[in-house]
Amino acid sequence: MTARRYLFLGLALALASPAQYTSGPQNLEARRWFQDARFGLFIHWGVYSVLGDGEWVLNNRKIPLGDYEKLPPQFNPVKFDAAEWVSLAKSAGMRYITITSKHHDGFAMFDSKVSDWDIADRTPYKKDVLKMLAEECRRQGLKLFFYHSHLDWRHPDYYPRGRTGHNTGRPESGEWYRYLDFMDAQLRELLTNYGEIGGIWFDGWWDRPKADWRLEKTYKLIHDLQPAALIGNNHHQAPFDGEDFQMFEKDLPGQNTAGFNAESKIGRLPLETCETINRAWGYNKGDSRHKSVQELIHYLVRAAGHNANFLLNVGPRPDGAIQPEFVERLNQIGAWLRINGDSIYGTRQGPIPPRDWGVTTQKGKKVYVHVLKLDDDVLGLPRLPSKIARASLLNGAKVDFNETALGVLLKLDKAARDPIDTVVVLELL
Ligand code: H79
């Protein structure tokens, strides 16, 4: 092609394609904050919690909507204490909370004026729990994000239906764009009435991957209302235009053990991975397979080594209490972070990519080598970008090392190692 033709093609493309999203300084600053934060609390809480069988119960048990509508009158979380939840997150070392404003059942956990399918109108509790949490987060210095489901198993205008939510007894009709208007109206409420919000964590796009979700309009609404709010969408694809972070469900970036992430190409945005403590997101009373503290810390450390945040989930009970198995684990992770936090907060992925033995993180000239698994008393590393000035454990104890043209050997005697994570600090020249 001639240069003129290229120019013409370029012009045509520029005119045909909508303006690309460019994030402004407040948003870029919020992204840096987000990456530095590294650890957040995910909360799945809704009227489904009453049944204690996870957040998918409406769909899984094929409950007719008329029956499901009997749940809100039973949802009365008299033990809910926003200060207690936020303190728990804080003592776990978490820097933000992401809570379900609306899950796939469509129930708004806030006082929505555009629907009566919400906590204020349908439950004896009546209070707006998101408002209480937003105020408490501000008081205690945590950021609050909202998980918001695109997918809606109850709204009559969520039509044509997607892959799920077919057995709730809705008429087979509806106005798709009216549904999108409704969703935008609720998002406007969430970004207007709760002060500064960390961002929106979308889910459920995958229910109708071919639908016109009008994301551009929705994303613009959010960014116009709050330029610093970060948008992420759990669509399991490479990031779309207008998004500010990329998340991975139940997998580290690049992995696909849970089967959701076959198409999740890693983009250039800040990354986050989310995981449950037992197997359920929403409260599941029969699920007692809780991951150990060590497993959860390893997940946090490996996430940081993949340059990703870790969003760890709890599903509170319908009465507002968080079960002791969760509380215990969160407190123990917090105790670990109070000692080892320098190697996690404010770091980015280190110079050596994730390995079987562990990962590296980095902050300035400090490389943190997280040794999670080691059979011998020495660990061999490939050459680093510059020479090592000093090697020590986080508590200051010296670590012997041998640096050659081939790489670095660290001497890590069993007695000096930590059963969870031996963190070696390499200060580079
Ligand atoms: O909120 C939690 C879950 O309820 C939600 N995301 C987390 C954070 C979630 N929804 N769905 N899933 C997780 C997994 C869904 C899997 C399937 Fe499908 C939906 C299997 C079949 C329909 C998506 C669409 C995967 C295949 C097709």
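1. Pro-160 sits in the loop between S3 and H8. The peptide bond leading into Pro-160 from Tyr-159 is cis, with omega near 0°. For context, most residues other than glycine have a negative phi, and most peptide bonds are trans. Element names here follow DSSP runs, numbered from the N terminus: helices are H or I with at least four residues, strands are E with at least two.

2. A word on the source before going on. This is a predicted model, with local features needing pLDDT of at least 70 and side-chain atom pairs counting only at pLDDT 80 or more, while totals for chains, interfaces and linings use all residues. Residues are numbered from 1 along each chain as its sequence is written, and side-chain values use heavy atoms, with hydrogens and water left out.

3. Two backbone spots are worth a look. Arg-38 has a phi near 65°, a positive value in a residue other than glycine, and Arg-38 is found in the loop between H2 and strand S1 (39-43). At 0% relative accessibility, Arg-38 counts as buried; the cut-offs are under 20% relative accessible area for buried, over 50% for exposed and anything in between for partly exposed, using a 1.4 Å probe and protein chains only. Asn-307 also has a positive phi, near 70°, and belongs to the loop between helix H10 (293-305) and strand S8 (308-314).

4. Now the ligand. Which residues come closest to the ligand? They are His-44, Glu-55, His-103, Asp-203 and Glu-249, out of 15 that surround the ligand, where being near takes a heavy atom within 4 Å. By class, that shell has seven nonpolar, four polar and four charged residues. The classes work like this: Ala, Val, Leu, Ile, Met, Phe, Trp, Tyr, Cys and Pro are nonpolar, Asp, Glu, Lys and Arg are charged, and the others, Gly among them, are polar.

5. On atom-level distances to the ligand, Asp-203 has a polar side-chain atom 2.7 Å from a ligand nitrogen, and Glu-249 has one 3.2 Å from a ligand nitrogen. Tyr-147 instead places a polar side-chain atom 3.3 Å from an oxygen of the ligand.

6. Salt bridges next. The count is 23, taking a side-chain nitrogen of Lys or Arg within 4 Å of a carboxyl oxygen of Asp or Glu. Arg-31 and Asp-244 make one of them, at 2.8 Å from N to O. Arg-31 is in helix H2 and Asp-244 in the loop between strand S5 (230-233) and strand S6 (246-249), so this pair ties together parts 213 residues apart in sequence. Both Arg-31 and Asp-244 are buried.

7. Helix H2 also supplies Asp-36, whose partner Arg-348 lies in strand S9 (residues 348-349), so here the tied parts are 312 residues apart in sequence. The closest N and O atoms of Arg-348 and Asp-36 are 2.9 Å apart. Arg-348 is partly exposed at 24% relative accessible area, and Asp-36 is partly exposed at 30%.

8. A shorter-range case is Arg-161 with Glu-172, their closest N and O atoms being 3.4 Å apart. Both lie in the loop between strand S3 (143-149) and helix H8 (176-192), so the pair links parts eleven residues apart in sequence. Arg-161 is buried at 12% relative accessible area, whereas Glu-172 is exposed at 53%. Elsewhere, Asp-181, Asp-184 and Arg-214 are joined into one network by salt bridges that share partners.

9. The largest pocket holds about 330 Å³ of space. Of its 17 lining residues, Tyr-21, Thr-22, Tyr-219, Lys-220 and His-223 are closest to the centre. Helix H2 (25-37) and helix H9 (215-225) are the elements giving two or more residues to the lining, with H9 providing the largest share, five residues. The lining splits into five nonpolar, eight polar and four charged residues.

10. If you want to reproduce the volumes: on a 1 Å grid over the protein atoms alone, a cavity is a set of points where a 1.4 Å probe fits but cannot get out, a pocket is an open set with protein on both sides within 12 Å along at least five of seven lines, and lining residues have an atom within 4 Å of a point. Points are joined across faces, edges and corners, and the volume is the space filled by probe spheres set on them.

11. There is one cavity of 30 Å³ or more. Its lining includes Asn-233, His-235, His-236, Met-247 and Ser-264, and S6 contributes the largest share, three residues. By class the cavity lining has two nonpolar, six polar and no charged residues.

Conventions:
A polar contact is a pair of N or O atoms within 3.5 Å; within protein, one must be able to donate a hydrogen and the other to accept it, and residues adjacent in sequence count only if both atoms are side-chain atoms.
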